[in-house]
Amino acid sequence: MTEYTMPDGLPSQRQRLLDVFAGRKPERVPWTGDLTYWQAGRAAQCTLPERFQGPEGLTRLHRETGTGRTFYVRSVIKGRRDPDLFDYQETREGDRVHQVWSTPAGELRAVVRYTADGVSLAPIEWPVKSLADLEAVCVWAEGVRYEPSYEGFHQSEQEWGDTGYPFMTVSRTPLAAMVATWAGVETFTYLAMDEPSAMERVLRRLREAEDPYWKLLVG
């Protein structure tokens, strides 16, 4: 296997990660971090140094700070839906973004707001507001067709070089998605307490809808 070393002769962050994966003990614990938020926040404040701008600047930032890279944002699985049956639209008004999911089972509407840093989004209106909205969530999940797409992964590996090794991120589990994407903690808790059987059926449908996704990842 190719050995990746730094100019000072020490193993690179990439090599340290590969050593861990191979069951070897690296000379020091790999130090990794996701600096995309720092880059995006400084860019939003117009204080990002030019040398740290763009994909090449992010790699330079990791290299200059000695921070390894593992977080991977380019999906290796693409999902497609019939455009005659499904649609997603978002419109921005000031610091708010209005989101609309259109499905054969009805529409879901939500509103999120940019935080003061101009980077993160905070939900102020969740898509799921009642039990009736859950059917649209299930139909949205069941309407997707998955296919592999590894070009982005290999592109990241080439861009990062010795700064790290990209991990494949995966989708949220149905339970996590229900809390973090669709209903929020409060609404989900009430639905789970008031309609436990219905919520169990919904989570089962969401899990079954993602079976092809997971088969592609492990295949």
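Pockets and helix packing in a predicted model

The largest pocket holds about 850 Å³ of space, and since what stands above is a predicted model, this volume, like the other values given here, is computed from predicted coordinates. A reader who wishes to find the largest pocket may begin with Arg81, Tyr146, Ser171, Arg172 and Glu210, which, among the 24 residues that line it, lie nearest its centre. The elements that contribute two or more residues to this lining are strand E1 (77-80), helix H4 (134-142) and helix H6 (174-182), and the largest share, four residues, is supplied by H6. Sorted by class, the lining of the largest pocket consists of 15 nonpolar, five polar and four charged residues.

The second largest pocket contains about 290 Å³ of space. It is lined by 13 residues, and those closest to its centre are Gln99, Trp101, Val112, Ala180 and Thr181. At least two residues of this lining come from each of strand E3 (96-103), strand E4 (106-114), strand E5 (121-125) and H6, while the largest share, four residues, belongs to E5. In the lining of the second largest pocket, ten residues are nonpolar, two are polar and one is charged. Helix H6 therefore deserves a second look, for H6 gives two or more residues to the lining of the largest pocket and supplies at least two to that of the second largest pocket.From H6 the path leads on to its packing partner, helix H7 (residues 184-194), where the two axes lie 7 Å apart and the helices pack at an angle of about 130°. That angle makes H6 oblique to H7, and the crossing by which H6 passes H7 is right-handed. On the side of H6 the contact is made by Leu175, Met178, Val179 and Trp182, and on the side of H7 by Gly184, Val185 and Phe188. The residues of this contact of H6 with H7 comprise six nonpolar and one polar, with no charged residues.

Another helix pair can be followed in the earlier part of the numbering, where helix H2 (residues 36-44) meets helix H3 (residues 54-65), their axes coming within 10 Å and crossing at roughly 125°. With that angle, H2 is oblique to H3, and the crossing of H2 and H3 is right-handed. The residues that meet here are Thr36, Trp38 and Gln39 in H2, and Gly54, Gly57, Leu58 and Leu61 in H3. By class, the contact of H2 with H3 is made up of three nonpolar and four polar residues, with no charged ones.

Definitions and conventions:
Residues numbered from 1 in each chain as written. Predicted model: local features only at pLDDT ≥ 70, side-chain atom pairs only at ≥ 80, totals over all residues. Heavy atoms only, no water. Axes fitted to C-alpha atoms, helices over the stretch in contact; angles between N-to-C directions. Parallel < 35°, antiparallel > 145°, perpendicular 65-115°, else oblique. Left-handed = near helix turned anticlockwise from the far one by under 90°. Contact = heavy atoms within 4.5 Å. Nonpolar A, V, L, I, M, F, W, Y, C, P; charged D, E, K, R; others polar. 1 Å grid on protein atoms, 1.4 Å probe; cavity = no way out; pocket = protein on both sides within 12 Å on 5 of 7 lines; lining within 4 Å. Points joined across faces, edges and corners; volume = space filled by probe spheres on them.
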